[in-house]
Amino acid sequence: MQRVYFCGILPRMANTIHRPEWHLPESMITLEAVFQNRRRFLRQLGFTGAGLLASPLVGCSKAETTAANPASGAKPVLSSTATNFVAVTAKGYPAPRNPEFDPKWTLTDGSVAARYNNFYEFTTNKERVHRLVDRFITAPWPVEIGGLVEKPMTLDAVELAEMMGLEERVYRFRCVEAWAMIVPWTGFPLRKLVEKVSPKPEAKFVRFETFFRPDQAPNFRDQNYPWPYTEGLRLDEAMNPLTLVATGIYGKPLPKQHGAPIRIVVPWKYGYKSIKSIVKIEFVAKQPTTLWESLAPDEYPFESNVDPGKPHPRWSQATERLIDSGDRVKTLPFNGYGSYVAKLYSKG
Ligand SMILES: Nc1nc2c(c(=O)[nH]1)N[C@H]1C(S)=C(S)[C@@H](COP(=O)(O)O)O[C@H]1N2
Ligand SMILES: [Mo]
């Protein structure tokens, strides 16, 4: 048996043994390059004042401090990738927070979330993704929306965001590996986009596809997976008001490691359903094949709703670890979103 960190035993594709790679803590890496980058960027914008250089560019948005984590007030953080700098000029940011999704939960530290990512196109090592995204080009970014619809369209991710309008929502996020975070996403409900393209009556599922550019992300060549990464939802899941098309996080456009420039967020399902850096959205009649389901159907089935009572074949799903505090908390059915979605799965 051979193991991969997230997705474990891969019956058909397994030909590599993945071991964890331990890295120097971020604090031991020189910040000089980051500082120079930032200076160059601000100069391009015509800012030279020292005052500006002292302000944080990456929102480290702790909504509040807690007893468990008393030192978690807003603290300045230097960005680890040049990507984050795009944020300063982007239109529509920060977007107004939707009061329906403004819970009084403590947000995960944004700099921790930006350095702990699953993005297998780059590497299977969550702590290294943010350092491997430099060659990834995220603008321009045409998104093709088609299949069984009356009004197919192809437009740039930036135009799409402008057309749909942006809002912010704080959501819980639960990876199948039993880690979790609470983050503010910026985006718009997928439902709005579905209505714009008018699905035909035969359309029953939505299929999503990520970019496939071996010259821009190293793991396309290194890992023998059935690329590109694909995912899917039933049409009623896609239409649920919770399903978000995200273009930003922590009040800024998505950094590359979080799936720039456009991704899906499905908060009641395991994280792998929340597909990143989407190039294609297709309406189809049959349940589409997804990358993880094709690799290990028993472990990563199509539906994949968060369920503490249903263990993964190789580990319990009863609890989860918050990535910044390390606190272990109980996992909730549908990741706490049962009032929105349980009805989608009740028979009769
Ligand atoms: N294209 C693509 N999308 C992806 C993944 C991936 O490897 N490639 N990983 C998924 C998994 S397993 C998780 S947990 C989330 C992680 O999102 P984050 O890095 O923004 O926290 O992205 C999901 N979307
Ligand atoms: Mo995940």
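Contacts between residues distant in sequence dominate the count in this predicted model: of the contacts in the chain with a separation of 6 or more, 70% are accounted for by residues 24 or more positions apart. The chain has 348 residues, and 53% of them count as buried. Its accessible surface comes to about 15800 Å², with 56% of that area belonging to carbon and sulfur atoms. In terms of secondary structure, the chain contains 9 helices and 12 strands.

A convenient place to begin with the strands is the open sheet. Five strands make up this sheet, in the order E2-E1-E10-E5-E6, and their pairing is mixed. At its edges lie strand E2 (153-156) and strand E6 (230-234), each of which pairs on one side only. Direction ignored, neighbouring strands of the sheet are turned by 15° against each other on average. At the E6 end, strand E5 (residues 205-210) runs antiparallel to E6, and 5 bridges join the two. One residue pair in this register is Glu209 with Thr230, its bridge partner in E6. At the other end of the strand order, helix H4 (residues 157-164) lies across strand E1 (142-147) and E2, and the helix runs at about 100° to E2.

The next group of pairings is best followed from strand E4. All of E4 is buried: 11 of the 11 residues in this strand (residues 179-189) meet the criterion, so E4 is largely enclosed by the rest of the structure. E4 has pairings with E3, E11 and E7. With strand E3 (residues 167-174), the arrangement is antiparallel and involves 8 bridges; here Tyr171 stands opposite Val183 in E4. E3 and E4 form a hairpin with 4 residues between them, and Ala178 in the turn shows a positive phi of about 75°. The pairing of E4 with strand E7 (residues 244-249) is also described as antiparallel, over 5 bridges, and Thr186 stands opposite Gly248 in E7. The contact with strand E11 (residues 319-322) has the parallel sense instead, over 2 bridges. In that register, Ala180 has Leu322 as its bridge partner in E11, while Trp179 stands opposite Arg321.

Strand E11 itself repays a closer look, since its side chains alternate along the strand. Glu320 and Leu322 point to one face and are buried, whereas Thr319 and Arg321 point to the other face and are not buried. E11 also pairs with strand E12 (residues 328-330), in the antiparallel sense and over 3 bridges. Within this pairing, Glu320 stands opposite Val329 in E12. E11 and E12 form a hairpin with 5 residues between them, and Gly326 in the turn has a positive phi of about 80°.

Turning to the ligand, 20 residues surround ligand 1, the closest being Tyr120, Glu121, His258, Arg263 and Lys276. Several polar atoms of the protein can be placed against specific ligand atoms. A backbone N or O atom of Tyr120 lies 2.7 Å from an oxygen atom of ligand 1. For Asn117, a polar side-chain atom lies 3.0 Å from an oxygen atom of the ligand. On the nitrogen side, a polar backbone atom of Ser274 is 2.9 Å from a nitrogen atom of ligand 1. The protein covers 100% of the 530 Å² of accessible area that ligand 1 has on its own.

A final local example concerns a loop residue. Thr138 is found in the loop between helix H3 (110-113) and strand E1. With a relative accessibility of 16%, and a cut-off of under 20% for burial, Thr138 counts as buried. Leaving aside residues up to four places away in sequence, Thr138 touches Lys256, Ala260 and Pro261.

How values were computed: Residues are numbered from 1 along each chain as its sequence is written. Chains are lettered from A and ligands numbered from 1 in the order in which they are written. Side-chain values use heavy atoms; hydrogens and water are left out. Two strands pair if DSSP finds at least two bridges between them. Axes are lines fitted to C-alpha atoms, for helices over the stretch in contact, and angles run from 0 to 180 degrees between N-to-C directions. Contact means heavy atoms within 4.5 Å. Buried means under 20% relative accessible area, exposed over 50%, partly exposed in between (1.4 Å probe, protein chains only). A residue is near a molecule or strand if one of its heavy atoms lies within 4 Å of it. A polar contact is a pair of N or O atoms within 3.5 Å; within protein, one must be able to donate a hydrogen and the other to accept it, and residues adjacent in sequence count only if both atoms are side-chain atoms. Accessible areas come from the Shrake-Rupley method with a 1.4 Å probe; for residues, only the protein chains shown count as cover.
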